Amino acid sequence: MVVSIVTVEEQVRGSLAEISRHRDPHRQISPYAKLQRQIDLFADWLILPWDADSADLFVKLRRQGLRIGSLDLKIACISLADDATVLTRNAKNLAQVPGLRIENWLD
């Protein structure tokens, strides 16, 4: 399995936000367990990096006027730089990215 570092970031940020919402340490047990499961899962996957090629593509596409969310565009740029196919239900936005291969296995 392969995942982008931006996808990992999104998942971890969500878990950390949930942990920080709870001041009671007992209410943090479940969110910490979720975070641990995420880390364990991602440890078995190849994580595609955000690198100079990805960043260059990001700047190029923004200069061309492509207007999709920054995190979606980062995932697209990582996928383009690594010649990967994006699996997503968010095909509408990502379809705007020239040359990006997209599949939706949920339909």
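In helix α1, the buried residues (under 20% relative accessible area with a 1.4 Å probe, protein chains only) are Val-6, Val-8, Ser-15 and Ile-19. They pack against β1 (2-4), α2, β2 (46-48) and α4. Keep in mind that this is a predicted model, where local features need pLDDT of at least 70, side-chain atom pairs count only at pLDDT 80 or more, and totals for chains, interfaces and linings use all residues. Numbering starts from 1 along each chain as its sequence is written, and side-chain values use heavy atoms, with hydrogens and water left out.

**Helix α1 and Gln-38**

- Helices here are DSSP runs of H or I with at least four residues, strands are runs of E with at least two, and both are numbered from the N terminus.
- Helix α1 covers residues 5-21, and its end C-alpha atoms sit 24 Å apart, which agrees with the 24 Å expected for 17 residues (1.5 Å times one less than the number of residues).
- Over in helix α2 (residues 29-43) you'll find Gln-38, which counts as buried because its relative accessibility is 10%.
- Leaving aside neighbours within four places in sequence, Gln-38 is in contact (heavy atoms within 4.5 Å) with Gln-11, Val-12 and Ser-15.

**Where α3 meets α4**

- The axes of α3 (residues 52-63) and α4 (residues 70-81) come within 8 Å and cross at roughly 125 degrees; axes are lines fitted to C-alpha atoms, for helices over the stretch in contact, with angles from 0 to 180 degrees between N-to-C directions.
- Residues making this contact include Leu-57 and Phe-58 of α3, and Leu-73 and Ile-78 of α4.

Definitions and conventions. Buried < 20%, exposed > 50% of the residue type's maximum accessible area, 1.4 Å probe, protein only.
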